[in-house]
Amino acid sequence: ARAECDFRQPLVLGDTAQVYMRTARIGTKSYDFEYAITRDSDGMIAAVGRTVQVMFDYQRNQSIPVPAAWREALAAYERAPIV
């Protein structure tokens with residue numbers, strides 16, 4: 001439903017980087033992921049971002065609630081309650 005990225009530091013050819021991702025929020029019918037990209041050479045944050053995923057039933061052509069099993073799996077992966 002949405003994707004955004006804020007670029008903070010350049011990455012150039014030859015740089016290596018790490019990408020970190022976490023579940024930031026689980027709503028009724030959607031959930032958010034947050035991202036950070038860091039440059040390996042100095043640990044500086046090169047970019048941060050956020051995406052919003054919407055649960056969708058393509059057969060009925062409508063959004064649906066996030067299943068309880070998904071909520072549980074995301075919370076277990078993050079090892080903390082997600083609001």
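Excluding neighbours within four places in sequence, the residues in contact with Ile64 are Thr28, Lys29, Met55, Phe56 and Asp57. These contacts are taken from a predicted model. Ile64 also belongs to the largest nonpolar core, a set of seven residues completed by Ile26, Tyr31, Phe33, Met55, Val66 and Leu74. Met55 thus appears both among the contacts of Ile64 and among the members of this core.

Leu74 is the core member that is placed in helix H1, which covers residues 68–78. Its relative accessible area is 16%, and Leu74 is therefore classed as buried, the limit being under 20%. Leu74 and Ile26 are 48 residues apart along the chain, yet a distance of 8.7 Å separates their C-alpha atoms. Both residues are part of the seven-residue core.

Aromatic pairing was examined over the whole structure, and three pairs were found. In one of them, the ring centres of Phe56 and Tyr58 lie 4.9 Å apart with the planes at 65 degrees; because this angle is over 60 degrees, the pair is edge-to-face. The two partners fall into separate accessibility classes: Phe56, at 32% relative accessibility, is partly exposed, whereas Tyr58, at 71%, is exposed. Phe56 is in addition one of the residues in contact with Ile64. Elsewhere, ring pairs connect Tyr31, Phe33 and Trp70 into a cluster; of these residues, Tyr31 and Phe33 are also listed in the largest nonpolar core.

The secondary structure of the chain consists of six strands and one helix, arranged along the sequence as β-β-β-β-β-β-α. Strand E1 spans residues 2–7, and none of its six residues is buried, so the strand lies largely in the open. E1 runs antiparallel to strand E4 (residues 45–54), to which six bridges join it. Within this pairing, Asp6 is positioned opposite Val48 of E4.

At the level of the whole chain, the radius of gyration is 16 Å, whereas a compact globule of 83 residues would have a value near 12 Å. Along the principal axes, the C-alpha atoms occupy a box of roughly 45 × 30 × 20 Å. Buried residues account for 28% of the 83 in the chain. The accessible surface amounts to about 6,000 Å², with 56% of this area belonging to carbon and sulfur atoms. Among contacts between residues at least 6 apart in sequence, 48% join residues that are at least 24 apart.

Methods. Residues are numbered from 1 along each chain as its sequence is written. This is a predicted model: local features need pLDDT of at least 70, side-chain atom pairs count only at pLDDT 80 or more; totals for chains, interfaces and linings use all residues. Side-chain values use heavy atoms; hydrogens and water are left out. A nonpolar core is a set of buried Ala, Val, Leu, Ile, Met, Phe, Trp, Tyr and Cys residues joined through side-chain atoms within 4.5 Å. Buried means under 20% relative accessible area, exposed over 50%, partly exposed in between (1.4 Å probe, protein chains only). Contact means heavy atoms within 4.5 Å. Rings of Phe, Tyr and Trp (its six-membered ring) pair if their centres lie within 6.5 Å; planes under 30 degrees apart count as stacked, over 60 as edge-to-face and the rest as tilted. Helices (H or I, at least four residues) and strands (E, at least two) are DSSP runs, numbered from the N terminus. Two strands pair if DSSP finds at least two bridges between them. The radius of gyration is taken over C-alpha atoms; the globule rule is 2.2 Å times the number of residues to the power 0.38. Accessible areas come from the Shrake-Rupley method with a 1.4 Å probe; for residues, only the protein chains shown count as cover.
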